[in-house]
Structures are given as C-alpha cells and as structure tokens.
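Look at the sequence and the model below before reading on. The text then goes through the structure one part at a time.

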Amino acid sequence: MGGSAPRPDCHLPVETTSFVDRRDEQAEGRELLARARLVTLTGPGGVGKTRLAARIAARVARAFPDGVRFLPLSGLHDPALVPLAAADVLGLHDHSAQPPLDALVEQVRDRRLLLVVDNCEHLLSVCAGLAAALLRGTTGVRVLATSRHRLGLTEEHLMDVRPLPVPDPDGDLATADAGPALTLFADRAAAVDPGFRLTAANRAAVARLCRRLDGLPLAIELAAVRMRVLGVEQLLARLDDRYRLLSAGSPAVLPRHQTLRAAVDWSHDLCTPHEQLVWARASVLAGSFDLETAEAVCADGQRVRAYDVLEAVAGLVDKSVLCREAGPDGVRYRLLDTLRHYGLEKLRELPGSPGAPGEEPAARRRQRDWMQERAAACERAWFGPGQRETVARLRADQDNLRAALDYSLTAPGEALAGLRLAGTLWFYWHACGAPREGRHWLDRALDAHPEPTPERARALWISGLLAGCPEDLTRGSRRAEEAAALARRLGDEAEAAHAAYVIGVIRLFSDDLGAALDHFRASVARGRVPGQHLSLVGLDRVELACALSFLGQADQAIAVCEETRRLCEAHGEEWVLSYVLRMLALAHTVKRDWPRAERHAREALRRKHAVHDIVGIGLTLDLLAQIAGHHGAPERAAVLLGGADRVWADVDRDRWGSAALGAARDGTETRAREAVGAQDYERAYAHGAALTLSDLIGYALEEHRPPEPERPPQGAPLTRRETQVAELVAEGLANQQIADRLVIARRTAEGHVERILSKLGFSNRSQIAAWVTAQR
C-alpha cells in the first residue's frame, strides 16, 4: 500500500441513475455540517432529499476517519428498532444488558463519524432522541437527517430543500442554460427515447412542463418516461388536461404535494391493471426485494399469476415506479418511499375476495409466509456450502424480515408464526452479530405466545444463546434450562439437545470450566439426536475442545478438532469450521507450537472474515496477538492488539467478563509493552487501532501489509500548536476547518498536519485520531 490516507468507510446508497447537480445546495450542506453537528434537510416528498444527503455525505467523507453510515428508516415502523438499526449500520454488535441507545452512545463515544438518518418523518420522536443522545454523549459524531418535518432539537440546523428552479417558458431560452429541471427531464427522456435532446424548438415546452410539475424531481421523472410514446407537446397537453380535471376548473395553482399526487395518479392511471395490482401488493415489501419475492407476494393464483408478475415488474421499471438495483444474488427492485405509500393507499382501497380478508392482510400474510419459507431454506442449508451468499441474502432481506415479524406480532392470531420465524433465524442472529435485534424479536414473540409449544422451547434457548454479558448470563441460563425442560416434556429431543448446548456454553463463558468440560463430554458422547442441527452438533465439539484447551489438555482438544474438521469439510461448511480452526490454534498455543498455532489462526480469520463473524474475528485477532507476542514479534502483537481492541469495542470491550479471555489479552499487552517499551508499544497499538477492518485482516494474514509507522525521532515531541492541530484532526476537521478554528492560513494548517505525521511516523489522519484517543 502507498502512503496516502485510506478512504474512510462510506456506506451510502448506490446511485442507479445520474444525479442532476445541485452545486449550491451541496455547498450549503457541507458548510452547515462544518459548523453544526445536526443538520436536517427538510422538504416535500419527491424533492430529492435522500439523493442530496447522500451527495453531501460523500463529499465530506474524508473529514470522518471512522466513516459515513447511512440509516434508511422508510421500511421501519417500530420505534424500538431505531437504535438497533442504527447500531447495525454502524457495525456495532453490542451484547450488554444496557438500554440499546445507551450502549450505542458508549460504543461510539470516541468515534469521528457521520450518521445519515433518512426519512425521519414517521418516527420523529425516536429520531430526535437518537440525535440528542449522540450529540450530548459524544464529541465527534455528526448527524445529517432528512425529513418532511424538523426534529425539533435546539442544536438542529435546518436546510430547506427546494424543487429544482425552472426558467421562464416565455423568456429568452435560446442561449440560456437549460438549468437542472430541464436537464433532469432531458436525461430521463433520453433513457427511453435515445434520440431526445433539448433544442431551441422544444426547450420552451419542456420548461412549461417542468413548471407545471413545480420543479419536483420525482414528478419530472415520472412524466419523462412517457416520452417513450408521446412527444413533449402531447405530454404537456395531456398533463394540462389531467390538472384541469383534478382541480375541477379552479384557477388556483396546486400546492406542491398536490402536484406530486397528481403526477403519481397520472402514472398509476397509465399502468395496466396487472401493473396497478402488483404496485399495490408490492407496497407491503419494505426495502429492496428480488423477483422471487415479488412473485410470492404479488401472485395469488387467481387475479395475478406468477408469470404475470415478471411482465408487471418490467412495466413498472419502465415507468420509473420501481427502481432496479444490484443485489448480492442478482437484480433487486425497490419502491421509492412516496410511491410505496401511494401503493399502500391503493391496496387498502381494494376489497378482498368474498369471505376472505382484505387485500392488505392477504398480501402481508403472503409476504410473511415467503420470508418464513426463505428463512427455513437458509437454516436447512446453513451447515453447508454457500454460507457467505446466505448471509448476504438475509442482510439484503433484513427490512422484509422485520416487516414479516412485525406483522406476525401485531396481527390477531399470528403470534405463533412470529415465534416460528424469530426462532428459524437463530443462526442469523447468532452468527451474523445481531444479538440485540434477535433478543428484541424473541422477547416480543415469547410474550405474545406463552403456550407450551416446540416453537416456544426453541425461542427460549435462542434467547439464552444470545445472552452475551455477565449481567445477562443468569437470565440466559434460566431460559436455556426452561427450554430444555419444556422440550423434554414435549418429547422433542432436538430442541432439548439445542438447549443443552446453550447451558454448556454459558457455563464455559462463566469460567466454570470443570462443569463445562463434563457437560460437553457427555453431549459429544451422546452423539447427534434426530432433528438436531449439524451446526450445533459441531459447536458441541468446538466447546469441548475449548474447555480441554483451557484446562491444558491440548492433545485431546486437537483430536476432537480434527474429527470435527472432517465433518465440516465433508459438508463444505465454513462457519463452524472457522471455530474448529481457532480451537486448533488455541490447542497448539497451549503446546507452544507457535508456527502451527499461527497457521490455523490465520485460516480461521480468513473464514471468519468471509462470513463477517465479528465476534469470531475479535477472538481470533486476540489469539494471533498472543501468538505474535510469544513468537518473537512484540511490535506485531501490539498492532494486532490495537486492532483487536477496536473490533471488540463494537461488541464488548470487556470480552463478556470472561477471565480466560481477559487474562490472555492482558498478558499479551504486558509482554509486548515490556519487550518494546511504552512509547513504541503505544505507537504500534495506535497504528493497529486506526486500520480499517479489511486492512487489519490483510495485516494479520500478511496478504498485504499497511506501512508500519517509523519510529518518531528522539527529542521531537509535538509542539503546543501541533498538539492543538492533532486534537482537531481527531475531531474529524479538514485542513480548512482547522485553519478557520485556529484563525491561521490553510497552508499553515497543512504544514502542521504534515509535521505531525512525520514526527509520529504515521501515514494518514486516521492514525493521528487513534493516537490522540490513546493519549487520552
């Protein structure tokens, strides 16, 4: 790698169509974010707030060393999920018993990041609470929100996003700049009519049409796609007729929301009956969806058949009603928020079949049943090849899974289905680092369905499995014991075996090693029972190997691991195998066979990264740091420990309070610090803490090595002014902002930053930020 600063993590929606530049608004937004920590873009639906916010965020990304994250709320309706969804997009995997918002603030307290919160209007109170907690509990987090209404905080700076300006149709347009509204129309029209372009002959008609649409980008886009079959003058004439009909002859100009409504109504009227029905039924889908999902939800075998859906989806894409975007397993589709709400209105107006529920409940039930079918298929295939694709697919379906769970737990008579879906997703909540959200849904489902069923037994042990902190382990143990008792009473051997795994793993993490060893020896000796998931069969053996290693019985642990490894490899499985490999590394560490330990640990890390197992990544980085410290590489151990602590900060800084895990980490630090000295240890540690996750993995695997910082020259501490500048760099300020804050020239600020980098032996601003945090 070169010496340039790496681009911070920037998770923004991919633009699927060209963006008509709003230079003045982008500049205003950047300026507001430079001096305010909460900026809200307000404006009517369809005015382009989301696209503008994403553009502003992308332009300021380099000022935020800990990244820019995008939190879309249009598909979210449960206020309790907002802090959980925020933690998810921030990459946090909290296991504590703290209230979710408190935990989130604590985990980002020292971060310099920008959170873009999109579509707040239907969750104003909880969004205001989220923003207030971040503003008052951190110093380096900024929030850029979009909403039709202000959040109402005193710290809030508002930016009104106005429709695109439209030139006077009756003015001199021959040499005038077309302007953004006309440019947008021309761009979208050319997409359906490749020969179209703005000319002196059509510019006035296009300007008149854009003015009729009040310069609203969404309305302009919906009108422009009609250029496939109409000319500009015909389009304008039909739009005029439409508006005269809607306004009942009133000469008054329609307000902007009525303008957009009229444009959407017109687009709806131009759809075929099948397209209209698919639009309405697809509106129950939150977020993006694939064609299979559209067919399952929109086809009923009577009015719409599966093959009708493909044709309707194609037509809705052509009419700009559906957006087409890339997904992890092919093309996905999305309804813009305004068009989804319109579709829901139409769905609620449709009657159901005689003696059947209305269209909306039927569509929501089909959506829930499809999500259950997809989740069950993923669970069946989980112990096998394709785990990476399964994780990506379920993350892409996350909003739809939430919608299905919410429907099941709010609609009368559907609670058992909600309990079943939440339980089916156990491997997703556990393996993909979403314990908080899993516990949220499981707690709701258990409360909603107290009857003694196999689904309840499963939900109870999963709730215990997701307990990941000292405060919650007691509750988790009680739930696992209750699950085991219920499963035995119901004669369900598989769920009893699953619950037994959780009982054992809680004993292990509670440092009751002897009891854990006896427990897992008995489980492994019993063998697999009918219906027991192979992943949990494998994990029984993993935990047995872990207990054996912690108790010094390394050879027995290796024998257990090798047998389990063959089981995983026979099925093409990666997730459990990554834990097996880590246990092999741990066992060889106990034997002080450092080369073998490091080889197994690196392979474990490679597989954990592939399935995005954050907890597993943290555990394996700890082990690699320990191996490096013992294997004559103390500076490398410090870098790895800095990176490991950064990963654990997103999970639990105290490593769940486990004495075994804590002792290994502290012993590694003590050994490395003594070997290289306090100053060099802090420098190397800060270097590791500043690496992005992908760079950290590359460093650990030695596939690519980010440049190690050079040792700072002796006798060259930072001056008082350089210390001030370093603090401002750590706040996420760019050079011009530092210059403004200190009332110095930008060139002077740049010189200070370069000298700081040179003195500290760093190559980028993120390392300065991490160093400042370490000094604090």
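Begin with a pair of strands in this predicted model. Strand S7, residues 322-327, runs antiparallel to strand S8, residues 330-335, and the two are paired over 6 bridges. One position to look for is Leu-322, which lies opposite Leu-335 in S8. The connection from S7 to S8 is a hairpin of 2 residues.

After these strands, move on to helix H14, which covers residues 337-349. H14 contains 13 residues, and the distance from its first C-alpha to its last is 19 Å, close to the expected 18 Å at 1.5 Å a residue. Which residues of H14 are buried? They are Asp-337, Thr-338, Leu-339, Arg-340, Tyr-342, Gly-343, Leu-344 and Leu-347.

Now turn to strand S4, residues 113-118. Of the 6 residues in S4, 6 are buried. The cover is on both faces: one side carries Leu-113, Leu-115 and Val-117, the other carries Leu-114, Val-116 and Asp-118, and all of these are buried.

Which strands pair with S4? Strand S3, residues 68-72, pairs with S4 in the parallel sense over 5 bridges, and Val-68 stands opposite Leu-114. Strand S5, residues 141-147, also pairs with S4 in the parallel sense, over 5 bridges. Here Leu-113 has Val-141 in S5 as its bridge partner.

Leu-115 of S4 deserves a separate look. Not counting neighbours within four places in sequence, Leu-115 is in contact with Arg-69, Leu-71, Val-89, Leu-90, Leu-130, Leu-134, Arg-142, Val-143 and Leu-144.

The nonpolar cores come next. In soluble globular proteins, nonpolar side chains tend to be buried together. The largest nonpolar core here has 150 residues, and those that touch the most other members are Leu-71, Leu-73, Leu-115, Leu-134, Trp-429, Trp-461 and Leu-621. Which helix gives the most residues to this core? Helix H27, residues 575-590, does, with 11 residues. A second core, separate from this one, has 85 residues, among them Ala-61, Leu-114, Ala-224 and Val-313. The neighbours Leu-114 and Leu-115, on opposite sides of S4, can therefore be followed as an example: Leu-115 belongs to the largest core, and Leu-114 to the second, where a core is a set of buried nonpolar residues joined through side-chain atoms within 4.5 Å.

A single cysteine position gives another view of the interior. Cys-561 sits in helix H26, residues 554-571. Is Cys-561 buried or exposed? Its relative accessibility is 3%, so Cys-561 counts as buried. Leaving out residues up to four places away in sequence, Cys-561 touches Ala-545, Val-580, Met-583 and Leu-584. Glu-543 is 18 residues away from Cys-561 along the chain, and their C-alpha atoms are 10.0 Å apart.

Finally, step back to the whole chain. It has 37 helices and 8 strands. Its C-alpha atoms fill a box of roughly 85 × 75 × 45 Å along the principal axes. A compact globule of 776 residues would have a radius of gyration near 28 Å, and the 29 Å of this chain agrees with that. Of the 776 residues, 58% are buried. Among contacts between residues at least 6 apart in sequence, 71% join residues at least 24 apart. The accessible surface of the chain is about 30700 Å², and carbon and sulfur atoms account for 50% of it.

Definitions and conventions. Residues numbered from 1 in each chain as written. Predicted model: local features only at pLDDT ≥ 70, side-chain atom pairs only at ≥ 80, totals over all residues. Heavy atoms only, no water. Buried < 20%, exposed > 50% of the residue type's maximum accessible area, 1.4 Å probe, protein only. Helix = DSSP H or I, 4+ residues; strand = E, 2+ residues; numbered from the N terminus. Contact = heavy atoms within 4.5 Å. Expected span 1.5 Å × (residues − 1). Rg over C-alpha atoms; globule rule 2.2 N^0.38 Å. Areas by Shrake-Rupley, 256 points an atom, 1.4 Å probe, with all protein chains shown as cover. Pairing = 2+ DSSP bridges.
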